[in-house]
Amino acid sequence: MTLVEKLLAQASGNPYVQPGEVVFAKVDLALSHDAVAAPVARTFYQHYGAEAKLWDAQRVVLVADHFIQVNDIRNDRKANLMYQQMVDFAKDQGCYLFDLVSPGEAAGICHVLLPEKGFVRPGMIIAGTDSHTCTYGALGAFSTGVGTTDMANIFAMGDIWIRVPPTLVFELSGTLPPHISAKDIILFILGQISCAGATGKVMEFSGSILEQLPFDERLTLANMAVECGAICGLIVPDDMMRDYVKSRSSQEFAEVMADAEAEYEKVYQFDLTHLEPQVALPPKPDRVVAISQLQETPITKAFIGSCTGGKLYDLAEAAAVLQGRQLADGVDLFIVPASVEIRKQAETLGYLDIFAQAGAKILKTGCGACINSGIGVLNKEETGVYATNRNFKGRSGDPTGKNYLASPRTVAISAVKGKISHFLD
(Lines give C-alpha, C1' and ligand atoms only; values in the text may rest on other atoms or scores of the structure.)
Protein backbone atom coordinates (compact mmCIF):
# COMPACT_ATOMS: atom_id res chain seq x y z
CA MET A 1 0.00 0.00 0.00
CA THR A 2 0.96 3.64 -0.50
CA LEU A 3 1.39 5.99 2.45
CA VAL A 4 -2.17 7.33 2.24
CA GLU A 5 -3.60 3.83 1.82
CA LYS A 6 -1.76 2.67 4.92
CA LEU A 7 -2.93 5.68 6.91
CA LEU A 8 -6.56 5.09 5.94
CA ALA A 9 -6.33 1.33 6.49
CA GLN A 10 -4.97 1.90 9.97
CA ALA A 11 -7.62 4.51 10.79
CA SER A 12 -10.48 2.35 9.50
CA GLY A 13 -9.36 -0.90 11.10
CA ASN A 14 -8.79 -2.64 7.79
CA PRO A 15 -5.75 -4.79 6.96
CA TYR A 16 -5.81 -3.53 3.38
CA VAL A 17 -7.51 -0.79 1.35
CA GLN A 18 -7.23 0.25 -2.27
CA PRO A 19 -8.17 3.34 -4.33
CA GLY A 20 -11.90 3.68 -4.92
CA GLU A 21 -12.87 1.80 -1.76
CA VAL A 22 -15.05 3.72 0.74
CA VAL A 23 -14.05 3.48 4.41
CA PHE A 24 -15.01 5.04 7.72
CA ALA A 25 -11.80 6.39 9.24
CA LYS A 26 -11.32 7.54 12.82
CA VAL A 27 -10.32 11.20 12.99
CA ASP A 28 -7.44 12.30 15.22
CA LEU A 29 -8.02 16.04 14.91
CA ALA A 30 -10.90 18.21 13.68
CA LEU A 31 -10.52 21.87 12.74
CA SER A 32 -13.01 24.61 12.05
CA HIS A 33 -12.89 28.41 11.99
CA ASP A 34 -15.13 31.44 12.29
CA ALA A 35 -16.35 31.25 8.67
CA VAL A 36 -17.87 27.77 9.10
CA ALA A 37 -17.95 26.69 12.76
CA ALA A 38 -21.34 28.26 13.51
CA PRO A 39 -23.19 26.42 10.69
CA VAL A 40 -21.43 23.20 11.75
CA ALA A 41 -22.59 23.75 15.34
CA ARG A 42 -26.20 24.32 14.21
CA THR A 43 -26.14 21.14 12.13
CA PHE A 44 -24.54 19.23 15.01
CA TYR A 45 -27.25 20.26 17.50
CA GLN A 46 -30.05 19.82 14.95
CA HIS A 47 -29.17 16.21 14.23
CA TYR A 48 -27.72 15.02 17.54
CA GLY A 49 -29.81 17.00 20.02
CA ALA A 50 -29.59 20.27 21.91
CA GLU A 51 -27.52 18.61 24.66
CA ALA A 52 -25.14 16.83 22.29
CA LYS A 53 -21.45 16.76 23.18
CA LEU A 54 -18.32 16.47 21.06
CA TRP A 55 -17.00 12.93 20.70
CA ASP A 56 -13.68 14.18 22.13
CA ALA A 57 -13.28 17.87 23.00
CA GLN A 58 -9.49 17.45 23.16
CA ARG A 59 -9.42 16.61 19.46
CA VAL A 60 -11.34 19.66 18.23
CA VAL A 61 -9.69 23.01 17.51
CA LEU A 62 -11.56 26.20 16.56
CA VAL A 63 -9.71 29.26 15.27
CA ALA A 64 -10.82 32.86 14.77
CA ASP A 65 -8.99 34.02 11.64
CA HIS A 66 -11.14 34.25 8.50
CA PHE A 67 -13.65 37.10 8.72
CA ILE A 68 -12.33 38.86 11.81
CA GLN A 69 -11.08 41.87 9.79
CA VAL A 70 -13.88 42.20 7.25
CA ASN A 71 -15.38 45.22 8.98
CA ASP A 72 -12.17 47.14 8.22
CA ILE A 73 -13.31 47.30 4.58
CA ARG A 74 -17.10 46.88 4.68
CA ASN A 75 -19.91 46.48 7.18
CA ASP A 76 -20.64 42.81 7.83
CA ARG A 77 -22.63 42.19 11.00
CA LYS A 78 -23.00 38.50 10.14
CA ALA A 79 -19.25 38.04 10.49
CA ASN A 80 -19.41 39.27 14.09
CA LEU A 81 -22.36 36.99 14.80
CA MET A 82 -20.67 33.91 13.34
CA TYR A 83 -17.53 34.63 15.33
CA GLN A 84 -19.48 34.95 18.58
CA GLN A 85 -21.43 31.76 17.88
CA MET A 86 -18.15 29.90 17.40
CA VAL A 87 -16.79 31.25 20.68
CA ASP A 88 -19.98 30.28 22.52
CA PHE A 89 -19.88 26.77 21.05
CA ALA A 90 -16.24 26.32 22.08
CA LYS A 91 -16.98 27.41 25.63
CA ASP A 92 -20.06 25.15 25.86
CA GLN A 93 -18.13 22.15 24.55
CA GLY A 94 -14.75 22.74 26.20
CA CYS A 95 -12.72 22.27 23.04
CA TYR A 96 -9.62 24.18 22.04
CA LEU A 97 -10.26 27.77 20.98
CA PHE A 98 -7.72 30.16 19.53
CA ASP A 99 -9.62 33.37 20.03
CA LEU A 100 -8.72 36.91 19.01
CA VAL A 101 -5.64 38.17 20.84
CA SER A 102 -6.78 41.78 20.33
CA PRO A 103 -9.58 43.40 18.31
CA GLY A 104 -9.30 42.12 14.74
CA GLU A 105 -6.13 40.13 15.35
CA ALA A 106 -5.88 36.34 15.23
CA ALA A 107 -3.51 34.23 17.29
CA GLY A 108 -2.61 32.82 13.91
CA ILE A 109 -3.98 31.65 10.60
CA CYS A 110 -5.18 28.11 11.27
CA HIS A 111 -2.99 26.26 8.77
CA VAL A 112 0.16 27.80 10.23
CA LEU A 113 -1.06 27.91 13.83
CA LEU A 114 -1.88 24.22 14.30
CA PRO A 115 1.57 22.89 13.33
CA GLU A 116 3.15 25.72 15.31
CA LYS A 117 1.20 24.77 18.46
CA GLY A 118 2.06 21.07 18.16
CA PHE A 119 -1.36 19.74 17.18
CA VAL A 120 -0.14 18.04 14.00
CA ARG A 121 2.03 14.92 13.99
CA PRO A 122 2.92 12.21 11.45
CA GLY A 123 0.44 9.35 11.14
CA MET A 124 -2.65 11.41 12.01
CA ILE A 125 -5.98 11.68 10.21
CA ILE A 126 -7.08 15.32 10.19
CA ALA A 127 -10.26 16.91 8.85
CA GLY A 128 -11.02 20.60 8.61
CA THR A 129 -13.78 22.78 7.22
CA ASP A 130 -11.34 24.49 4.90
CA SER A 131 -9.88 23.33 1.60
CA HIS A 132 -6.34 24.26 2.68
CA THR A 133 -6.47 21.71 5.49
CA CYS A 134 -4.34 19.72 3.05
CA THR A 135 -1.40 21.77 4.41
CA TYR A 136 -0.88 19.36 7.32
CA GLY A 137 0.15 16.62 4.91
CA ALA A 138 3.55 18.34 5.05
CA LEU A 139 3.91 16.64 8.45
CA GLY A 140 3.17 13.12 7.22
CA ALA A 141 -0.52 13.21 8.13
CA PHE A 142 -3.54 12.51 5.93
CA SER A 143 -5.35 15.81 6.12
CA THR A 144 -8.28 16.99 4.05
CA GLY A 145 -11.06 19.54 3.81
CA VAL A 146 -14.67 18.54 4.49
CA GLY A 147 -18.09 20.18 4.32
CA THR A 148 -20.42 21.35 7.07
CA THR A 149 -22.46 18.13 7.31
CA ASP A 150 -19.37 15.90 7.37
CA MET A 151 -17.88 17.97 10.17
CA ALA A 152 -21.09 17.85 12.19
CA ASN A 153 -20.86 14.05 11.96
CA ILE A 154 -17.21 14.14 12.99
CA PHE A 155 -18.08 16.32 15.98
CA ALA A 156 -20.55 13.66 17.13
CA MET A 157 -19.01 10.38 16.01
CA GLY A 158 -15.30 11.06 15.52
CA ASP A 159 -15.13 9.42 12.12
CA ILE A 160 -15.31 10.34 8.46
CA TRP A 161 -16.38 8.41 5.39
CA ILE A 162 -13.89 8.74 2.60
CA ARG A 163 -13.15 7.17 -0.74
CA VAL A 164 -9.56 5.97 -0.70
CA PRO A 165 -7.69 8.22 -3.16
CA PRO A 166 -5.05 7.22 -5.69
CA THR A 167 -1.63 8.84 -5.30
CA LEU A 168 0.32 10.96 -7.76
CA VAL A 169 4.02 11.16 -6.91
CA PHE A 170 6.02 14.28 -7.74
CA GLU A 171 9.74 13.52 -7.73
CA LEU A 172 11.53 16.86 -7.53
CA SER A 173 15.21 16.55 -8.36
CA GLY A 174 18.17 18.73 -9.22
CA THR A 175 19.80 21.66 -7.46
CA LEU A 176 17.41 24.49 -6.73
CA PRO A 177 18.62 27.80 -8.21
CA PRO A 178 19.23 30.70 -5.79
CA HIS A 179 16.07 32.54 -4.69
CA ILE A 180 13.68 29.95 -6.11
CA SER A 181 11.02 29.09 -3.56
CA ALA A 182 8.35 26.49 -2.91
CA LYS A 183 5.78 28.91 -4.35
CA ASP A 184 7.68 28.86 -7.65
CA ILE A 185 7.76 25.05 -7.55
CA ILE A 186 4.05 24.55 -6.88
CA LEU A 187 3.09 27.21 -9.44
CA PHE A 188 5.28 25.41 -11.98
CA ILE A 189 3.51 22.12 -11.18
CA LEU A 190 0.13 23.84 -11.51
CA GLY A 191 1.17 25.07 -14.93
CA GLN A 192 2.11 21.52 -15.89
CA ILE A 193 -0.95 19.60 -14.66
CA SER A 194 -3.68 22.31 -14.31
CA CYS A 195 -6.18 23.04 -11.54
CA ALA A 196 -7.90 19.73 -12.30
CA GLY A 197 -4.78 17.62 -12.68
CA ALA A 198 -4.99 15.94 -9.28
CA THR A 199 -8.74 16.10 -8.60
CA GLY A 200 -9.74 13.66 -5.87
CA LYS A 201 -6.17 12.37 -5.53
CA VAL A 202 -3.22 12.74 -3.20
CA MET A 203 -0.11 14.60 -4.33
CA GLU A 204 2.94 13.06 -2.67
CA PHE A 205 6.11 15.15 -2.92
CA SER A 206 9.52 13.50 -2.87
CA GLY A 207 13.04 13.90 -4.22
CA SER A 208 16.28 15.68 -3.40
CA ILE A 209 14.70 19.14 -3.68
CA LEU A 210 12.82 18.59 -0.41
CA GLU A 211 16.11 18.42 1.47
CA GLN A 212 16.98 21.85 0.07
CA LEU A 213 13.79 23.49 1.34
CA PRO A 214 13.34 24.93 4.85
CA PHE A 215 10.43 23.38 6.71
CA ASP A 216 8.20 26.43 6.13
CA GLU A 217 8.51 25.84 2.40
CA ARG A 218 7.15 22.31 2.70
CA LEU A 219 3.96 23.79 4.12
CA THR A 220 3.59 25.88 0.97
CA LEU A 221 3.90 22.81 -1.28
CA ALA A 222 1.26 20.88 0.65
CA ASN A 223 -0.99 23.93 1.04
CA MET A 224 -1.37 24.52 -2.68
CA ALA A 225 -1.93 20.88 -3.61
CA VAL A 226 -5.62 21.70 -3.40
CA GLU A 227 -5.18 24.26 -6.19
CA CYS A 228 -4.40 21.21 -8.36
CA GLY A 229 -7.62 19.57 -7.16
CA ALA A 230 -5.86 17.25 -4.69
CA ILE A 231 -7.46 16.31 -1.39
CA CYS A 232 -4.10 16.19 0.37
CA GLY A 233 -0.51 17.21 -0.27
CA LEU A 234 1.66 14.60 1.42
CA ILE A 235 5.32 14.40 2.38
CA VAL A 236 6.91 11.23 3.78
CA PRO A 237 8.36 11.67 7.29
CA ASP A 238 12.09 12.41 7.43
CA ASP A 239 14.55 13.93 9.92
CA MET A 240 13.59 17.52 9.13
CA MET A 241 9.93 16.73 9.81
CA ARG A 242 10.73 14.78 12.98
CA ASP A 243 12.87 17.61 14.34
CA TYR A 244 10.13 20.14 13.70
CA VAL A 245 7.41 18.03 15.32
CA LYS A 246 9.54 17.24 18.37
CA SER A 247 10.32 20.94 18.77
CA ARG A 248 6.59 21.67 18.91
CA SER A 249 5.07 18.70 20.72
CA SER A 250 6.07 16.30 23.48
CA GLN A 251 3.47 13.75 22.40
CA GLU A 252 4.55 10.46 20.93
CA PHE A 253 3.74 9.72 17.31
CA ALA A 254 3.86 6.63 15.15
CA GLU A 255 5.11 7.14 11.62
CA VAL A 256 3.58 5.26 8.73
CA MET A 257 5.59 4.39 5.65
CA ALA A 258 4.56 3.09 2.23
CA ASP A 259 5.43 -0.41 1.11
CA ALA A 260 8.33 -0.66 -1.32
CA GLU A 261 6.07 -2.37 -3.86
CA ALA A 262 3.23 0.17 -3.54
CA GLU A 263 1.47 1.12 -6.77
CA TYR A 264 0.99 4.75 -7.73
CA GLU A 265 -1.34 6.11 -10.37
CA LYS A 266 1.40 8.20 -11.92
CA VAL A 267 4.91 9.44 -11.13
CA TYR A 268 5.93 12.87 -12.37
CA GLN A 269 9.64 13.64 -12.52
CA PHE A 270 10.76 17.26 -12.61
CA ASP A 271 14.38 18.40 -12.63
CA LEU A 272 14.20 21.92 -11.17
CA THR A 273 17.85 22.87 -11.73
CA HIS A 274 16.91 25.56 -14.25
CA LEU A 275 13.57 26.66 -12.79
CA GLU A 276 13.03 30.42 -12.87
CA PRO A 277 10.50 32.45 -10.86
CA GLN A 278 6.92 31.63 -11.81
CA VAL A 279 3.85 33.86 -11.99
CA ALA A 280 0.19 32.83 -12.20
CA LEU A 281 -1.86 35.15 -14.39
CA PRO A 282 -5.45 35.97 -13.45
CA PRO A 283 -7.98 34.54 -13.13
CA LYS A 284 -6.67 31.01 -12.33
CA PRO A 285 -3.70 29.63 -10.38
CA ASP A 286 -2.77 27.35 -13.30
CA ARG A 287 -2.31 30.15 -15.84
CA VAL A 288 1.39 30.01 -15.05
CA VAL A 289 4.30 31.46 -16.99
CA ALA A 290 7.99 31.77 -16.28
CA ILE A 291 8.55 35.38 -15.26
CA SER A 292 10.81 35.98 -18.28
CA GLN A 293 7.79 35.27 -20.50
CA LEU A 294 5.54 37.76 -18.72
CA GLN A 295 4.71 40.98 -20.51
CA GLU A 296 5.50 44.16 -18.57
CA THR A 297 2.84 44.40 -15.88
CA PRO A 298 2.65 47.57 -13.74
CA ILE A 299 1.10 47.13 -10.29
CA THR A 300 -0.44 49.32 -7.61
CA LYS A 301 -0.82 46.69 -4.87
CA ALA A 302 1.40 43.96 -3.43
CA PHE A 303 0.57 41.55 -0.61
CA ILE A 304 2.74 39.17 1.40
CA GLY A 305 0.68 37.12 3.83
CA SER A 306 -1.90 34.34 4.23
CA CYS A 307 -1.33 30.70 5.21
CA THR A 308 0.94 30.27 2.20
CA GLY A 309 2.84 33.57 2.25
CA GLY A 310 3.10 34.86 5.82
CA LYS A 311 5.43 32.31 7.44
CA LEU A 312 8.76 33.35 8.92
CA TYR A 313 10.76 32.18 5.90
CA ASP A 314 8.43 34.16 3.62
CA LEU A 315 9.02 37.30 5.69
CA ALA A 316 12.78 36.67 5.67
CA GLU A 317 12.76 36.53 1.87
CA ALA A 318 10.85 39.81 1.73
CA ALA A 319 13.14 41.49 4.26
CA ALA A 320 16.23 40.52 2.25
CA VAL A 321 14.77 42.36 -0.73
CA LEU A 322 13.43 45.40 1.09
CA GLN A 323 16.43 46.16 3.27
CA GLY A 324 17.76 49.58 2.25
CA ARG A 325 15.12 49.97 -0.48
CA GLN A 326 11.88 51.89 -0.89
CA LEU A 327 8.58 51.00 -2.49
CA ALA A 328 7.92 52.41 -5.94
CA ASP A 329 5.72 55.50 -6.11
CA GLY A 330 2.05 54.55 -6.28
CA VAL A 331 2.52 51.03 -4.90
CA ASP A 332 1.11 49.83 -1.59
CA LEU A 333 2.72 46.77 -0.04
CA PHE A 334 0.87 44.97 2.75
CA ILE A 335 2.64 42.40 4.95
CA VAL A 336 0.77 40.05 7.29
CA PRO A 337 2.67 37.73 9.65
CA ALA A 338 0.77 34.43 9.76
CA SER A 339 0.81 34.15 13.55
CA VAL A 340 1.58 36.19 16.64
CA GLU A 341 4.64 34.03 17.26
CA ILE A 342 5.90 34.74 13.74
CA ARG A 343 5.30 38.46 14.25
CA LYS A 344 7.41 38.39 17.44
CA GLN A 345 10.19 36.46 15.71
CA ALA A 346 10.11 38.87 12.76
CA GLU A 347 10.32 41.81 15.13
CA THR A 348 13.29 40.29 17.00
CA LEU A 349 15.09 39.64 13.72
CA GLY A 350 14.55 43.23 12.58
CA TYR A 351 12.25 42.36 9.68
CA LEU A 352 9.41 44.59 10.84
CA ASP A 353 11.72 47.61 11.01
CA ILE A 354 12.95 46.85 7.49
CA PHE A 355 9.37 46.63 6.22
CA ALA A 356 8.38 49.90 7.89
CA GLN A 357 11.46 51.77 6.60
CA ALA A 358 10.71 50.56 3.08
CA GLY A 359 7.21 52.00 3.33
CA ALA A 360 5.26 48.75 3.70
CA LYS A 361 2.15 48.50 5.85
CA ILE A 362 2.33 45.74 8.46
CA LEU A 363 -1.16 44.42 9.21
CA LYS A 364 -2.68 42.38 12.02
CA THR A 365 -2.58 38.60 11.73
CA GLY A 366 -5.57 37.10 9.92
CA CYS A 367 -6.72 35.85 6.53
CA GLY A 368 -7.81 39.34 5.50
CA ALA A 369 -7.30 40.34 1.89
CA CYS A 370 -6.59 36.77 0.76
CA ILE A 371 -10.34 36.13 1.02
CA ASN A 372 -11.58 39.68 0.31
CA SER A 373 -12.06 40.26 4.02
CA GLY A 374 -9.48 42.81 5.10
CA ILE A 375 -7.19 45.67 4.17
CA GLY A 376 -5.12 45.10 1.05
CA VAL A 377 -7.89 44.06 -1.32
CA LEU A 378 -7.90 45.14 -4.96
CA ASN A 379 -10.07 48.06 -5.98
CA LYS A 380 -11.83 48.41 -9.34
CA GLU A 381 -9.54 47.87 -12.35
CA GLU A 382 -6.52 47.59 -10.02
CA THR A 383 -3.60 45.23 -10.62
CA GLY A 384 -1.70 43.53 -7.84
CA VAL A 385 0.79 40.76 -7.19
CA TYR A 386 0.05 38.58 -4.17
CA ALA A 387 1.94 35.84 -2.29
CA THR A 388 -1.35 34.06 -1.60
CA ASN A 389 -2.70 30.80 -3.00
CA ARG A 390 -5.63 31.74 -5.27
CA ASN A 391 -6.33 34.47 -7.80
CA PHE A 392 -9.88 33.69 -8.95
CA LYS A 393 -11.98 36.68 -9.99
CA GLY A 394 -13.12 38.53 -6.86
CA ARG A 395 -11.09 36.32 -4.53
CA SER A 396 -9.01 39.23 -3.22
CA GLY A 397 -11.11 42.27 -4.01
CA ASP A 398 -13.17 43.78 -6.78
CA PRO A 399 -13.98 41.35 -9.64
CA THR A 400 -12.51 43.84 -12.13
CA GLY A 401 -9.17 43.73 -10.33
CA LYS A 402 -6.34 41.55 -11.63
CA ASN A 403 -4.45 39.41 -9.16
CA TYR A 404 -1.13 37.80 -10.12
CA LEU A 405 0.35 35.12 -7.85
CA ALA A 406 4.06 34.92 -7.11
CA SER A 407 6.57 34.11 -4.38
CA PRO A 408 7.13 36.52 -1.46
CA ARG A 409 10.50 37.46 -2.95
CA THR A 410 9.01 38.26 -6.36
CA VAL A 411 6.20 40.25 -4.70
CA ALA A 412 8.72 42.30 -2.70
CA ILE A 413 10.88 43.02 -5.76
CA SER A 414 7.78 43.97 -7.74
CA ALA A 415 6.72 46.41 -5.03
CA VAL A 416 10.11 48.11 -5.31
CA LYS A 417 10.06 48.15 -9.12
CA GLY A 418 6.41 49.13 -9.55
CA LYS A 419 5.91 46.22 -11.92
CA ILE A 420 6.10 42.44 -11.69
CA SER A 421 9.80 41.64 -11.71
CA HIS A 422 12.46 39.39 -10.20
CA PHE A 423 15.43 41.60 -10.98
CA LEU A 424 17.13 43.63 -8.24
CA ASP A 425 19.61 46.36 -9.20
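Buried means under 20% relative accessible area, exposed over 50%, and partly exposed in between. The model is predicted.

**Exercise 1. Cover of helix 1**

State which residues of helix 1 are buried, and what follows the helix.

*Solution.*
- Step 1. Helix 1 spans residues 3-12.
- Step 2. Its buried residues are Leu3, Val4, Glu5, Leu7, Leu8, Ala9, Ala11 and Ser12.
- Step 3. That is 8 of 10 residues, and the helix is mostly covered.
- Step 4. Glycine 13 comes just after helix 1 and takes a positive phi of about 75 degrees.

**Exercise 2. Two helix pairs**

Classify the crossing of helix 2 with helix 3, and that of helix 9 with helix 11.

*Solution.*
- Step 1. Two packed helices are described by the angle between their axes and the distance between the axes.
- Step 2. Take helix 2 (residues 37-48) and helix 3 (residues 77-93): their axes come within 8 Å and cross at roughly 50 degrees. This angle makes helix 2 oblique to helix 3.
- Step 3. Add the hand: helix 2 passes helix 3 in a left-handed crossing.
- Step 4. Turn to helix 9 (residues 312-322) and helix 11 (residues 351-358). Their axes cross at roughly 45 degrees and come within 9 Å. Helix 9 is therefore oblique to helix 11.
- Step 5. The crossing of helix 9 past helix 11 is left-handed.

**Exercise 3. Salt bridges**

Locate the partners of three salt bridges: aspartate 28 with arginine 59, arginine 218 with aspartate 238, and aspartate 239 with arginine 242.

*Solution.*
- Step 1. Side chains of opposite charge can pair when their charged atoms come close. The cut-off is 4 Å from a side-chain nitrogen of Lys or Arg to a carboxyl oxygen of Asp or Glu. The count comes to 16 salt bridges.
- Step 2. Aspartate 28 and arginine 59 meet at 3.7 Å, N to O. Aspartate 28 sits in the loop between strand 1 and strand 2, and arginine 59 in the loop between helix 2 and strand 3, so the pair ties together parts 31 residues apart in sequence.
- Step 3. Check their cover. Aspartate 28 is partly exposed at 25%. Arginine 59 is partly exposed at 32%. Asp28, Asp56 and Arg59 are linked in a network of salt bridges.
- Step 4. Arginine 218 and aspartate 238 meet at 2.6 Å, N to O. Arginine 218 lies in helix 7 and aspartate 238 in the loop between strand 10 and helix 8, so this bridge joins parts 20 residues apart in sequence.
- Step 5. Arginine 218 is buried because its relative accessibility is 0%. Aspartate 238, at 22%, is partly exposed.
- Step 6. The closest N and O atoms of aspartate 239 and arginine 242 are 2.7 Å apart. Both residues belong to helix 8; being 3 residues apart, they are separated by about one helical turn. Aspartate 239 is exposed at 54%.

**Exercise 4. A surface residue and a buried one**

Is phenylalanine 24 buried or exposed? Is methionine 224 buried or exposed?

*Solution.*
- Step 1. Phenylalanine 24 belongs to strand 1 (residues 22-26). Its relative accessibility is 51%, so it counts as exposed.
- Step 2. Val22, Phe24 and Trp161 make a nonpolar surface patch of about 330 Å².
- Step 3. Methionine 224 lies in the loop between helix 7 (215-223) and strand 10 (232-235). Its relative accessible area is 0%, so methionine 224 is buried.
- Step 4. The C-alpha atoms of methionine 224 and histidine 132 are separated by 7.3 Å, although the two residues are 92 residues apart along the chain.

Note on methods: Residues are numbered from 1 along each chain as its sequence is written. This is a predicted model: local features need pLDDT of at least 70, side-chain atom pairs count only at pLDDT 80 or more; totals for chains, interfaces and linings use all residues. Side-chain values use heavy atoms; hydrogens and water are left out. Patches are made of residues with over 30% relative accessible area and no salt bridge: like charges are joined within 9 Å, nonpolar side chains (Val, Leu, Ile, Met, Phe, Trp, Tyr) within 5 Å. Accessible areas come from the Shrake-Rupley method with a 1.4 Å probe; for residues, only the protein chains shown count as cover. Helices (H or I, at least four residues) and strands (E, at least two) are DSSP runs, numbered from the N terminus. Buried means under 20% relative accessible area, exposed over 50%, partly exposed in between (1.4 Å probe, protein chains only). Axes are lines fitted to C-alpha atoms, for helices over the stretch in contact, and angles run from 0 to 180 degrees between N-to-C directions. Angles under 35 degrees count as roughly parallel, over 145 as roughly antiparallel, 65 to 115 as roughly perpendicular and the rest as oblique. A crossing is left-handed if the near helix is turned anticlockwise from the far one by less than a right angle, and right-handed if clockwise.
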